[in-house]
Amino acid sequence: MTNSPIELYSTNYFLACTLGGILACGPTHSLVTPLDLVKCRTQVKPGLYKGVFDGWRTIAKSEGLRGVFTGIGPTAIGYSFQGAGKYGLYEVFKYRYAQIVGEENAHQYRTVLYLGASASAEFIADLFLCPMEALKVRMQTSIPPYAKTTRQGFAKLMAEEGPKGFYKGIVPLWCRQVPYTMVKFASFEATVEMLYKTFMPKPKSEYNKFQQLGVSFAGGYIAGILCAVVSHPADVLVSKLNNMPKTAAGEKTVTTGEMIKKLGFRGLWTGLGPRIFMIGSLTALQWLIYDTFKVNVGLPTTGGGAEEKKPNVTNKLLEQEAN
């Protein structure tokens with residue numbers, strides 16, 4: 001790889017990673033909106049469709065082709081914001097935490113570092129995602145759809161429930177997204193390291209950018225499957241809670257604990273199959289896009305094999321990626 005024109009760990013470096021996150025998450029989540037639509041409706045109303053293709057046929061027949069893409073507006077907006085925070089802040093926290101614990105500990109316990117950095121980044125990113133996720137779920141799980149456009153839906157939800165309505169699902173969203181992202185980043189980094197150590201005998205720097213991006217795609221798909229399984233019960237809860245009708249005056253709001261008891265263990269795993277396919281493909285594409293962007297701005301792809309110790313503390317983890 002060529003020397004980076006962007007100074008490592010500079011403001012421009014973190015901004016580049018943030019932009020890469022937007023490009024990785026916004027378009028990819030938008031692309032799988034039809035699959036997400038069927039998944040969400042199946043979670044709320046089990047048995048509604050016989051399968052993904054039956055769901056698409058049924059929706060297209062009753063709501064038109066546009067209906068298959070219900071929720072694409074808030075999906076694109078929400079996950080672009082989330083991608084910015086997830087990837088950009090992950091790099092920030094990974095760098096800061098490595099400085100705090102020191103070179104030896106950062107390298108020896110790098111998986112713990114990845115878990116901590118990704119959890120911190122996602123916690124903040126979800127504050128930006130939650131309003132659009134709430135609107136998306138309402139639009140996708142209501143038949144007919146809650147609103148036809150993002151603007152219409154935003155105004156309707158604000159009028160009915162105020163700002164609180166946009167954050168009703170923040171706790172289950174954290175329960176879904178934080179473990180998801182921890183697994184996504186830590187398992188990706190570990191998988192990429194394993195692929196280079198096990199199947200690719202030469203140093204990472206001796207492989208061309210297309211080979212390195214192939215490793216990113218493979219590592220992303222494996223990480224995505226693990227993510228889907230770990231975060232699925234919370235995903236079901238997000239769909240269920242955001243689909244609940246507005247609580248009438250004097251009525252008690254259904255809590256997350258009450259919803260878990262109502263669904264039972266089996267109910268929390270409804271729609272897992274479509275979600276594994278969706279998240280596996282989604283995560284692989286995100287890492288491919290993110291690392292392709294990094295390569296095009298002169299930065300190394302993410303992850304790499306363990307190597308001998310290097311004297312420069314601040315560049316330790318990034319040198320591992322480059323070499």
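This passage describes the overall fold of a predicted model, then a loop residue and a group of aromatic side chains.

The fold of the predicted chain is built from helices: 12 of them are assigned, alongside 0 strands. Read from one end of the sequence to the other, the pattern is accordingly α-α-α-α-α-α-α-α-α-α-α-α. For 323 residues the globule rule gives 20 Å, and the radius of gyration of the chain is 21 Å, close to that value, so the chain is as compact as a globular protein of that length. Along the principal axes, the C-alpha atoms fill a box of roughly 65 × 40 × 35 Å.

Packing and surface can be taken together here. Of the 323 residues in the chain, 53% are buried. Among contacts with a separation of 6 or more, 76% are made by residues 24 or more positions apart. The accessible surface amounts to about 14,600 Å², and carbon and sulfur atoms hold 66% of that area. As for charge, the chain carries 35 positive and 23 negative charges, and the mean positions of these two sets lie 10 Å apart.

Turning to a single loop position, Val297 sits between α11 (272-296) and α12 (316-322). Its relative accessibility is 23%, and because buried means under 20% and exposed over 50%, Val297 counts as partly exposed. Leaving aside residues up to four places away in sequence, Val297 touches Pro5 and Ile6. Ala76, by comparison, is 221 residues from Val297 in sequence, and their C-alpha atoms are 24 Å apart in space.

The aromatic side chains offer a further view of the interior. In the whole structure, 19 aromatic pairs are found. One of them joins Tyr196 and Tyr207, whose ring centres are 6.4 Å apart with the planes at 50°, so this pair is tilted. Tyr196 belongs to helix α8 (residues 170-199), whereas Tyr207 lies in the loop between α8 and α9 (209-243), 11 residues apart, and the pair links distant parts of the chain. Tyr196 and Tyr207 are both buried.

Trp287 and Tyr290 make another aromatic pair, this one edge-to-face, with 5.9 Å from centre to centre and 75° between the planes. These two residues are 3 residues apart in helix α11, so about one helical turn separates Trp287 from Tyr290. Trp287 is buried at 0% relative accessibility, and Tyr290 is likewise buried at 1%. Trp287 and Tyr290 also belong to one aromatic cluster, which they form with Tyr87, Tyr90, Phe185 and Phe188.

Note on methods
Residues numbered from 1 in each chain as written. Predicted model: local features only at pLDDT ≥ 70, side-chain atom pairs only at ≥ 80, totals over all residues. Heavy atoms only, no water. Helix = DSSP H or I, 4+ residues; strand = E, 2+ residues; numbered from the N terminus. Rg over C-alpha atoms; globule rule 2.2 N^0.38 Å. Buried < 20%, exposed > 50% of the residue type's maximum accessible area, 1.4 Å probe, protein only. Contact = heavy atoms within 4.5 Å. Areas by Shrake-Rupley, 256 points an atom, 1.4 Å probe, with all protein chains shown as cover. Lys, Arg positive; Asp, Glu negative; His and termini not counted. Charge placed at Lys NZ, Arg CZ, Asp CG, Glu CD. Phe/Tyr/Trp six-rings, centres within 6.5 Å; stacked < 30°, edge-to-face > 60°.
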